[in-house]
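Trainee: I should like to learn how to read a structure of this kind. May we go through some of its features together?

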Amino acid sequence: MHSDVVLWIVVATALAFDFTNGFHDTANSIATSVSTRAMAPRVAVLMAAGLNFIGAFLSLAVAATIAKGIVDSTSVTLLTVFAGLIGAIAWNLVTWWRGLPSSSSHALIGGVVGATIASEGTSGVFWDGLVEKVAVPALVAPVLAMIAAGIAILVAYRIVGRQSPGVVSRGFRVGQWASSALFSLSHGTNDAQKTMGIIFLALVANGNMSADADIPLWVVVSAASAIALGTYFGGWRIVRTMGAKIIKMDPAQGFAAQGVGSAVILSASHVGFPLSTTHVMSGAIMGAGAAKRLSAVRWGVAGNIVLAWVLTLPCSAAVGALTYGVVRIFGDGSVGPVVVVIALVAALIALFARRSIGGGRAVPAEGTR
Amino acid sequence: MRLLGVVELGQIVEVIWVSIVAGVGITAIFSFVVLGSARSGEARRAGRPAASVAYALLAALCLVAFAAIVVVGVQIMLSKEA
């Protein structure tokens, strides 16, 4: 009975994480299109949400066992998964509040690593796996995207340089519809799988299913719905950072950033070296701006973003470990997770109540919808 | 050869060159779509129908190439393995 309650809490928490993942990553799909006015904000989120939903059904490859090769799978319990999810959700919310794009996958890995360290000690973590799946991709993704987008925008300017700016802008705005759609679809095939994998693992760990069973349809539908809903709500603070605060971009830069972003992610996926969509898009936007003029990039904003990337793993790990510690105070049962969920929801309500009292001034970007 | 003892250097090199070729390629191809459309309109207004058709053809061919790249992208998404 207790384990069933814990299971359903884990499932609900996984869907909440999925929602924050979509919400957090809306910017990757639409920031460039919205800021260059290729699309109206509401149309952009509607399209991104729809394609994320469809994408979630297109690929059910459960490489989605996100922490595979990073923590000892025999030590993973429902409580460590729960604590890891709370670490990831907390980090996603903090970075959203600060308007900083950061990787939801790295936050989830950090949360699970922290919870595993709290439960098993450092021997439960495969450090080589952490370097391979987190550290190296985090170094490669933004630099590669920056260089590729820099070259791409210089080539684009060279090709269309003598044409009327109005015609060129209109053309690239049309292209942004395709690049944005491709990016959203790709996001759906990647990120919803993580949640499906976590729910599936929880069902297997709880003895509800065998490890070789197919993913139940309700898991696919609920994960696809959660990420699409999150995307539709849109993390507008991050959209504003990526779309307007890093560089003031023209439609050619927006297209180059998004086209290169899609190309880099799909190329890496093809080669079997998955990269963070957030790192790739942020790097591509910086590259598209820097190639035009180095001073076009607001390096202070870029520095804050990089700092958030560096802090993602340790901070989400710390929250994951702390959550696991708190949960264990109440034993193996469902009381601990219930207490943590109530505390998190209460903190969120307090945060939003404070924002409402402040007249919503803290969220200027919400008005862009 | 392995980087930091855990990541195949060859794999990273492949990601780098494939990404740069694909990223720059897709941007360049769509830039030719924009260029072809713009020049085709200019040529038509200037009363040069042959040039207008030639530029329109360039735009159309590049648009087909761009669409083909998008299809390849979707195929890569669909062929992901666990």
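Mentor: Let us begin with the contacts inside chain B of this predicted model. Of the contacts in chain B with a separation of 6 or more, 41% are accounted for by residues 24 or more positions apart.

Trainee: Which helices and strands does chain B have, and in what order do the elements run from the N terminus?

Mentor: Chain B has two helices and two strands. From the N terminus on, the order is β-β-α-α.

Trainee: What percentage of the residues in chain B is buried?

Mentor: Chain B has 82 residues, and buried residues make up 35% of them.

Trainee: How should I read the contact between the chains, and how many residues does each chain give?

Mentor: The size of an interface is often given as the accessible area lost when the parts come together. Here we may list residues: the contact takes 46 from chain A and 35 from chain B. On the side of chain A, two or more residues each come from α5 (127-160), α6 (165-205) and α9 (251-271). The largest share, 15 residues, comes from α5(A). By class, this side of chain A has 32 nonpolar, twelve polar and two charged residues.

Trainee: What should I note about the phi of R37(A)?

Mentor: Most residues other than glycine have a negative phi. R37(A) has a phi near 65 degrees, a positive value in a residue other than glycine. R37(A) is found in the loop between α1 (2-35) and α2 (41-58) of chain A.

Trainee: Why does R37(A) count as partly exposed?

Mentor: R37(A) counts as partly exposed because it has 13 C-beta neighbours inside 10 Å, whereas a buried residue needs 20 or more and an exposed one has 12 or fewer.

Note on methods:
Residues numbered from 1 in each chain as written. Chains lettered and ligands numbered in written order. Predicted model: local features only at pLDDT ≥ 70, side-chain atom pairs only at ≥ 80, totals over all residues. Contact = placed C-beta atoms within 7 Å. Helix = DSSP H or I, 4+ residues; strand = E, 2+ residues; numbered from the N terminus. Nonpolar A, V, L, I, M, F, W, Y, C, P; charged D, E, K, R; others polar.
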